Amino acid sequence: MAQLKITLTHSVTHRLPKQRKIVKAIGLHRINSTVVKPDNEATRGALLKIAHLIKVEQVK
């Protein structure tokens with residue numbers, strides 16, 4: 001199964017509360033923090049909502 005490496009590149013300060021909750025639920029805390037999550041529809045849907053705040057790479 002493929003995995004996604006997600007890095008927070010922009011601050012969540014002054015963002016919508018819904019976007020802040022998504023960032024926290026993914027497990028990102030501060031700028032340049034990184035997590036690895038499975039590549040599934042639930043993860044992709046959450047990432048689309050905060051695409052302007054993150055950088056996503058595919059990991060084998």
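Q: In this predicted model, what makes E57 count as partly exposed?
A: E57 has a relative accessibility of 33%. Partly exposed covers the range between under 20% (buried) and over 50% (exposed), so E57 belongs in that middle class.

Q: Why is the pairing of E57 and K55 called a salt bridge?
A: Their side chains meet at 3.5 Å, N to O. The cut-off is within 4 Å between a Lys or Arg side-chain nitrogen and an Asp or Glu carboxyl oxygen, so this pair qualifies. As for the partner, K55 is partly exposed too, with a relative accessible area of 44%.

Q: How many salt bridges does the structure hold?
A: Two. Besides E57 with K55, there is D39 with R44.

Q: How do you know that D39 and R44 form a salt bridge?
A: Their closest N and O atoms are 2.7 Å apart, and the limit is within 4 Å, so the pair passes. In general, side chains of opposite charge can pair when their charged atoms come close.

Q: Are D39 and R44 buried or exposed?
A: Neither label fits: D39, at 23% relative accessibility, counts as partly exposed, and so does R44 at 40%.

Q: What makes up the largest nonpolar core?
A: Happily, there is a full list: this core has 12 residues, including L4, I6, I26, L47 and I54. Both β1 (3-8) and α1 (17-26) supply at least two residues of this core.

Q: Which residues is L47 in contact with, leaving aside neighbours within four places in sequence?
A: L47 is in contact with L4, I6, I26, I54 and V56.

Note on methods: Residues are numbered from 1 along each chain as its sequence is written. This is a predicted model: local features need pLDDT of at least 70, side-chain atom pairs count only at pLDDT 80 or more; totals for chains, interfaces and linings use all residues. Side-chain values use heavy atoms; hydrogens and water are left out. Buried means under 20% relative accessible area, exposed over 50%, partly exposed in between (1.4 Å probe, protein chains only). A nonpolar core is a set of buried Ala, Val, Leu, Ile, Met, Phe, Trp, Tyr and Cys residues joined through side-chain atoms within 4.5 Å. Helices (H or I, at least four residues) and strands (E, at least two) are DSSP runs, numbered from the N terminus. Contact means heavy atoms within 4.5 Å.
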